[in-house]
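User: Please take a close look at a single part of this model and describe how it sits among its surroundings. One connected account is enough.

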Amino acid sequence: MNLYQLFKASLMEPKRQAAVRIMTIGKIMQFIFIFIAFLTVIAFIELISGLDVATSNLDGLVEFVEEIEWLLYPFAVISLFVSTTIYHFVKISLFALIALVILNARKRRGEYRHLWRTTALSVTVPTLLAFALSLLDLGYSVSLLTSLLTVLYLYLAIGYYPKKPPIQKAQSKA
């Protein structure tokens, strides 16, 4: 799968989200880092527009920002990228743990590493939705909504994992 196919699968195809469990981790990491870079660029644009609005109200702050602009923007991009990366990886890891519980409850076969790959795609739509809704400043209910949406995506994707074979009872020797 190329990156476009991975993005398309992350949007609307739980069957393909489950299928990525057999892909190499390198392609999934590439997808994650490109997605994080995209989020960082959007967040940086939002930061710049917010900074312009904030500095227009204070004259002293305008001069200060203009003097350190060459230092402020690169530092902001780097810190945004690092913090977004850490947040995204922790979020994927925690949701993969939740998916492991769902996997065992549904008696499906898989490992944490498989679920991590599936979760990396399953968090895409809720993350984009949370980012869009954060602009409306709706509060913490957005986090709950997007978390539930992620769990729903995982539940649907886990339905395509293979079932565990029935447990065979040991034959007693006479």
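Analyst: A helix is here a DSSP run of H or I with at least four residues, a strand is a run of E with at least two, and both are numbered from the N terminus. On that basis the chain has 7 helices and 0 strands, and from the N terminus on its elements run α-α-α-α-α-α-α. The model is a predicted one. Of the 174 residues in the chain, 34% count as buried. Among contacts between residues at least 6 apart in sequence, 77% join residues at least 24 apart.

The part chosen for the close look is helix α5, residues 112-122. Buried means under 20% relative accessible area. In α5, 9 of the 11 residues are buried, so the helix is largely enclosed by the rest of the structure. These buried residues are His 114, Leu 115, Trp 116, Arg 117, Thr 118, Thr 119, Ala 120, Leu 121 and Ser 122. The list includes Arg 117 as well as residues such as Leu 115 and Leu 121.

Trp 116 is a useful place to start. It belongs to helix α5. With a relative accessible area of 10%, Trp 116 falls under the 20% limit and is therefore buried. Leaving aside neighbours within four places in sequence, Trp 116 is in contact with Ile 25, Ile 28, Met 29, Ile 32, Phe 89, Ile 92, Ser 93 and Ala 96. Of these partners, Ser 93 also makes a polar contact with Trp 116, side chain to side chain, at 3.1 Å. The C-alpha atoms of Trp 116 and Ser 93 are separated by 6.5 Å, although the two residues are 23 apart along the chain.

Trp 116 is also part of the largest nonpolar core. That core has 24 residues, and those with the most contacts inside it are Leu 6, Ile 28, Ile 32 and Trp 116. The elements that give it two or more residues are α3, α4, α5 and α7. Its largest share, 7 residues, comes from α4. Apart from this core lies another, of 6 residues, among them Ala 43, Phe 44, Ala 76 and Phe 131.

His 114 is another residue of helix α5. His 114 is buried because its relative accessible area of 15% is under the 20% limit. Not counting residues up to four places away in sequence, it touches Arg 21 and Tyr 161. The backbone oxygen of His 114 lies 3.2 Å from a polar atom of the Tyr 161 side chain.

Tyr 161 lies outside the helix, in the segment after α7. It is buried, with a relative accessible area of 1%. Beyond four places in sequence, its contacts are Ala 18, Arg 21, Leu 103, Arg 108, Arg 109, Gly 110, His 114, Leu 115 and Thr 118. Three of these partners, His 114, Leu 115 and Thr 118, are among the buried residues of α5. Arg 21 is touched by His 114 and is also in contact with Tyr 161. The C-alpha atoms of Tyr 161 and Leu 103 are separated by 8.4 Å, with their positions 58 residues apart along the chain.

The loop between α4 and α5 contains Lys 107. Lys 107 counts as exposed, with 58% relative accessibility. Its phi is near 55 degrees, a positive value in a residue other than glycine. Most residues other than glycine have a negative phi.

The surroundings also include an open region. The largest pocket has a volume of about 550 Å³. It is lined by 23 residues, and the closest to its centre are Tyr 87, Lys 91, Thr 127, Ala 130 and Phe 131. The elements that give its lining two or more residues are α3 (25-56), α4 (59-105), α6 (124-134) and α7 (141-158). Helix α4 gives the most to this lining, with 7 residues. The lining divides into 11 nonpolar, 11 polar and 1 charged residue.

In short, α5 is largely enclosed. Its Trp 116 is among the residues with the most contacts inside the largest nonpolar core, while its His 114 touches Arg 21 and Tyr 161.

Terms used. Residues are numbered from 1 along each chain as its sequence is written. This is a predicted model: local features need pLDDT of at least 70, side-chain atom pairs count only at pLDDT 80 or more; totals for chains, interfaces and linings use all residues. Side-chain values use heavy atoms; hydrogens and water are left out. On a 1 Å grid over the protein atoms alone, a cavity is a set of points where a 1.4 Å probe fits but cannot get out, and a pocket is an open set with protein on both sides within 12 Å along at least five of seven lines; lining residues have an atom within 4 Å of a point. Grid points are joined across faces, edges and corners, and a volume is the space filled by probe spheres set on the points. Ala, Val, Leu, Ile, Met, Phe, Trp, Tyr, Cys and Pro count as nonpolar, Asp, Glu, Lys and Arg as charged, and the others, Gly among them, as polar. A nonpolar core is a set of buried Ala, Val, Leu, Ile, Met, Phe, Trp, Tyr and Cys residues joined through side-chain atoms within 4.5 Å. Buried means under 20% relative accessible area, exposed over 50%, partly exposed in between (1.4 Å probe, protein chains only). Contact means heavy atoms within 4.5 Å. A polar contact is a pair of N or O atoms within 3.5 Å; within protein, one must be able to donate a hydrogen and the other to accept it, and residues adjacent in sequence count only if both atoms are side-chain atoms.
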